[in-house]
Amino acid sequence: MSEGGRPIRPRDVDATAFSAALEALLLEVPDGLCATFVDAEGETIDLSSRIDLFDAKVYAAEVAPLLARLRTAARELQAGAPRELRLVGERRAAVVRHVADGCDVLVVLEGTASLARAAWA
């Protein structure tokens, strides 16, 4: 069974206004490993996860420098603000959607079968 088939882990932080939405997003995406609301510094604001919560927070921290560089490149190219980033690997995929100034949602997937669903959920 893929990790996406596992239940959502208990939270290790207090619920926020985003908690229900992150859990609903993760439930909507069968192969979703974690859904993390992350700030521009890579700090996790809130999350819902089927994997170890520490690992989910590390994923969010690791994507922050990539997003910063992407935003710089978009400015230099006069492309406008990036709205979404998709990373597709051999084993896992990720979708990052811009939510508000300095805030993004990261969804990490086991495989790529649910990639489109994660982007639009």
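The following paragraphs describe the fold, a hairpin, an aromatic pair and a loop residue in a predicted model.

The protein contains three helices and five strands, and along the sequence these elements are arranged in the pattern α-β-β-α-β-β-β-α. Of its 121 residues, 37% count as buried, while the accessible surface comes to about 7000 Å², with 55% of that area belonging to carbon and sulfur atoms. When contacts between residues at least 6 apart in sequence are considered, 50% of them are found to join residues at least 24 apart.

Strands β1, which spans residues 32-39, and β2, which spans residues 44-49, run antiparallel and are joined by five bridges. Within this pairing, V38 has T44 of β2 as its bridge partner. The two strands form a hairpin in which four residues lie between β1 and β2, and the turn includes G42, whose phi is positive, at about 90°.

Strand β1 also contributes to an aromatic contact, the count of aromatic pairs in the model being one. This pair consists of F18 and F37, whose ring centres are 4.2 Å apart; because their planes meet at 45°, which falls between the limits of 30 degrees for stacked and 60 for edge-to-face arrangements, the pair is classed as tilted. The two residues are 19 apart and belong to distant parts of the chain, with F18 located in the segment before α1 (19-28) and F37 located in strand β1. Their exposure to solvent-sized probes was evaluated separately for each partner. F37 has a relative accessible area of 5% and is therefore buried, given the cut-off of under 20%. F18, by contrast, has a relative accessibility of 36%, and it therefore counts as partly exposed, since this value lies between 20% and 50%. The tilted pair thus joins a buried ring-bearing residue of β1, F37, to a partly exposed one, F18.

A further position of interest is E90, which is found in the loop between β3 (84-88) and β4 (92-100). With a relative accessibility of 86%, E90 counts as exposed, because the value is over the 50% cut-off. The C-alpha atom of E90 is separated by 7.4 Å from that of G111, although the two residues are 21 apart along the chain.

Technical notes: Residues are numbered from 1 along each chain as its sequence is written. This is a predicted model: local features need pLDDT of at least 70, side-chain atom pairs count only at pLDDT 80 or more; totals for chains, interfaces and linings use all residues. Side-chain values use heavy atoms; hydrogens and water are left out. Two strands pair if DSSP finds at least two bridges between them. Buried means under 20% relative accessible area, exposed over 50%, partly exposed in between (1.4 Å probe, protein chains only). Contact means heavy atoms within 4.5 Å. Accessible areas come from the Shrake-Rupley method with a 1.4 Å probe; for residues, only the protein chains shown count as cover. Rings of Phe, Tyr and Trp (its six-membered ring) pair if their centres lie within 6.5 Å; planes under 30 degrees apart count as stacked, over 60 as edge-to-face and the rest as tilted.
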